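Here's a quick briefing on how the strands and helices in this one fit together. Have a look at the structure first, then read on.

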Amino acid sequence: MADGSPELKAFLIETPFFGGLSAESLDLLVTMLVERRFAAGATVMTEGEPGRSMYVVQSGTLAVSKRGDAGSAIDLNRLGPGDFFGEMTLIEVQNRSATLVAESPLVLYELTARNLYTYYKADLRAYAMVMQNINRELCRRLRRADNRIAELVNAVPR
């Protein structure tokens, strides 16, 4: 479990995922987090595998990639402290959409679907805030993806 230290709470409240939560709601959620550590080069999750948890990055960086039609990895993004990932499997109960590999040693905090459901039952208002925070981040990602697609289309000679 997460240690619940003031430093951890201060870090979490600054992340997009935990923004707007009261101190009491944050305290409850922190008790549900599990600290996970990965060495550089470790695969944290693999595209296509089942998943029932999400992660918040406290330290380190990850490379995000997807398999292309030919099976080669396509580099999509980098994630670092304050970013979160894996939330899509909690919302749509589908397999992992990308592969994430540690580029440096990582400290992550995991929140499982079961714990998120427990949070829902314990504090509906805070749960709604967390879901709204997730949705905001998904919208930001969709906008960035739209912009990248537009740039690629504009770069192709006609």
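Let's start with one residue pair: arginine 36 has leucine 108 of S8 as its bridge partner. Keep in mind that this is a predicted model. From that pair we can work outwards to the sheet, and then to the helices.

**The sheet**
- S1 and S8 (residues 106-112) are antiparallel partners, with 5 bridges between them.
- Both belong to an open sheet of 4 strands, ordered S1-S8-S3-S6, and the pairing is antiparallel.
- At the edges you'll find S1 (34-38) and S6 (84-85), each of which pairs on one side only.
- As a general reminder, strands in a sheet pair through hydrogen bonds of the backbone, in either a parallel or an antiparallel way.

**Helices on the sheet**
- Helix H1 (residues 6-13) lies across S3 (53-59) and S8, and runs at about 110° to S3.
- H4 packs on the sheet too, where it touches S3 and S8. Its direction makes about 55° with that of S8.

**H4 against H5**
- H4 (residues 113-122) also packs with H5 (residues 124-155), at an angle of about 130° and with the axes 6 Å apart.
- Why call the pair oblique? An angle of about 130° falls outside 65 to 115 and is not over 145, so H4 and H5 are oblique to each other.
- On the H4 side, the contact is made by Leu116, Tyr119, Tyr120 and Ala122.
- H5 brings Leu124, Ala126, Tyr127, Val130 and Met131.
- By class, this contact has 9 nonpolar residues, with no polar and no charged ones.

Conventions
Residues are numbered from 1 along each chain as its sequence is written. This is a predicted model: local features need pLDDT of at least 70, side-chain atom pairs count only at pLDDT 80 or more; totals for chains, interfaces and linings use all residues. Side-chain values use heavy atoms; hydrogens and water are left out. Axes are lines fitted to C-alpha atoms, for helices over the stretch in contact, and angles run from 0 to 180 degrees between N-to-C directions. Helices (H or I, at least four residues) and strands (E, at least two) are DSSP runs, numbered from the N terminus. Angles under 35 degrees count as roughly parallel, over 145 as roughly antiparallel, 65 to 115 as roughly perpendicular and the rest as oblique. Contact means heavy atoms within 4.5 Å. Ala, Val, Leu, Ile, Met, Phe, Trp, Tyr, Cys and Pro count as nonpolar, Asp, Glu, Lys and Arg as charged, and the others, Gly among them, as polar. Two strands pair if DSSP finds at least two bridges between them.
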